[in-house]
Protein chains: 2
Amino acid sequence: MRIGELAERVGTTTRTLRYYESRGLLTARRTEQGYRTYDEDDLRLLQQIRTLQDFGFDLEETRPFVDCLRAGHPAGDSCPASIAVYRRKVAELDGLIDRLQAVRAQVGAELLRAEAELPHGPEPRCELGTEWDTEREG
Amino acid sequence: MRIGELAERVGTTTRTLRYYESRGLLTARRTEQGYRTYDEDDLRLLQQIRTLQDFGFDLEETRPFVDCLRAGHPAGDSCPASIAVYRRKVAELDGLIDRLQAVRAQVGAELLRAEAELPHGPEPRCELGTEWDTEREG
DNA sequence: GTAAGCCTTGACGCCGACGTCAAGGCAAGG
DNA sequence: CCTTGCCTTGACGTCGGCGTCAAGGCTTAC
């Protein structure tokens with residue numbers, strides 16, 4: 001198949017596929033006219049990349065999976081290098097989630113405090129509009 | 001004080017402060033020689049911005065807090081517009097954390113599965129090196 | 001006098017993952 | 001023949017939050 005069909009089948013754009021090729025993640029055979037052609041293996045490879053991308057992996061982090069598939073392994077994560085990326089990603093996610101939860105708690109606390117200090121309470125009930133953003137002369 | 005001192009007191013760079021000024025978040029009076037000068041109010045304003053930045057707020061999201069302080073309010077979050085930003089941020093964080101936890105679970109599961117399918121188990125114990133990244137013929 | 005250390009404006013660089021446009025080739029259908 | 005719709009390469013644009021020069025001015029210390 002050609003690049004347009006492949007792009008459509010994985011739900012992306014031709015630009016993205018050419019970008020992957022420029023990064024060395026995807027290779028293409030060519031027709032006599034210079035058109036890129038792909039087979040089902042390329043499709044699987046691409047699906048692997050897209051799955052990881054959806055997980056938030058950087059393109060570079062998908063490379064071991066691609067290499068693994070290219071080496072003839074049944075799955076992209078059949079190689080230790082891919083598993084190492086999984087492990088790093090899990091650790092990274094755990095750290096990120098921890099930090100975000102801490103921030104969430106802090107911001108939540110600030111929100112409660114600020115709401116409590118606001119004269120008309122957490123939600124305006126009887127006022128048509130809040131006029132707080134207009135200038136007050138002191 | 002001048003820009004260098006202010007930058008040092010909040011732990012940032014002069015470039016950052018000029019950038020904030022270009023975004024309209026920070027204003028400066030000028031000496032006869034054209035040097036920017038700041039007072040303690042500017043310091044507090046800047047500390048407000050930095051605190052929010054540390055929380056992961058975009059610069060634009062700090063604007064209501066800045067406006068609030070400029071309007072003479074005791075804190076940057078003394079205005080409904082700031083509180084609205086808090087609320088949006090909390091919701092955004094909750095959503096993000098949820099998604100990240102789902103991804104974490106998925107990647108964790110893939111990791112376990114892939115480890116189980118690897119012939120030599122989760123951790124190489126008796127082998128000096130893993131030879132998996134070398135080509136296999138066949 | 002001159003070097004050091006502040007400051008000024010302006011402008012380009014960076015990162016990642018593409019989007020978008022330009023200018024053109026090739027093939028099929030009416 | 002001409003349009004339509006694929007495809008090609010190349011190159012510049014995007015976003016945010018600055019970093020990093022360049023070229024120059026002011027002041028202070030030696």
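**Figure 1. Side-chain contacts to DNA strand C.** In this predicted model, a base nitrogen of DNA strand C sits 2.9 Å from an N or O atom in the side chain of A:Tyr35. Two arginines go for the backbone instead: a phosphate oxygen of the strand is 2.5 Å from a side-chain N or O atom of B:Arg18, and a phosphate oxygen is 3.3 Å from an N or O atom in the side chain of A:Arg50. These are polar contacts, meaning pairs of N or O atoms within 3.5 Å; within protein, one atom must be able to donate a hydrogen and the other to accept it, and residues adjacent in sequence count only if both atoms are side-chain atoms. The elements giving two or more residues to the surface near this strand are helix H2 (14–22) and helix H3 (40–54) of chain A, plus helix H1 (3–10) and helix H2 (14–22) of chain B. Helices here are DSSP runs (H or I, at least four residues; strands are E, at least two), numbered from the N terminus.

**Figure 2. The wider surroundings of DNA strand C.** Around DNA strand C there are 20 residues, with A:Thr16, A:Gln53, B:Gly4, B:Arg18 and B:Arg36 the closest. "Near" means that a heavy atom of the residue lies within 4 Å of the strand. H2(A) gives the most to this surface, with four residues. By class, the surface near DNA strand C has six nonpolar, six polar and eight charged residues; Ala, Val, Leu, Ile, Met, Phe, Trp, Tyr, Cys and Pro count as nonpolar, Asp, Glu, Lys and Arg as charged, and the others, Gly among them, as polar. Of the strand C atoms within 4 Å of the protein, 66% belong to sugar or phosphate and the rest to bases.

**Figure 3. DNA strand D and its neighbours.** Which residues are closest to DNA strand D? They are A:Gly4, A:Arg18, A:Arg36, B:Thr16 and B:Gln53, out of 20 that surround the strand. Sugar and phosphate make up 68% of the strand D atoms that come within 4 Å of the protein. A polar backbone atom of A:Gly4 is 2.7 Å from a phosphate oxygen, while a side-chain N or O atom of A:Arg30 is 3.1 Å from a phosphate oxygen. As for the bases, a base nitrogen of DNA strand D is 2.9 Å from an N or O atom in the side chain of B:Tyr35. H2(B) gives the largest share of the surface near this strand, four residues.

**Figure 4. How the two chains are related.** Chain B can be laid on chain A with an RMSD of 0.1 Å, using a turn of 180° and a shift of 0.0 Å along the axis (least squares on the C-alpha atoms of residues with pLDDT of at least 70 in both). That is the relation of a two-fold axis. In chain B, the C-alpha nearest the axis belongs to B:Ile97, 3.1 Å away from it. The same surface serves both copies, as 100% of the contact residues of chain B (heavy atoms within 4.5 Å) recur in chain A.

**Notes.** Residues are numbered from 1 along each chain as its sequence is written, and chains are lettered from A and ligands numbered from 1 in the order in which they are written. In this predicted model, local features need pLDDT of at least 70 and side-chain atom pairs count only at pLDDT 80 or more, while totals for chains, interfaces and linings use all residues; side-chain values use heavy atoms, with hydrogens and water left out.
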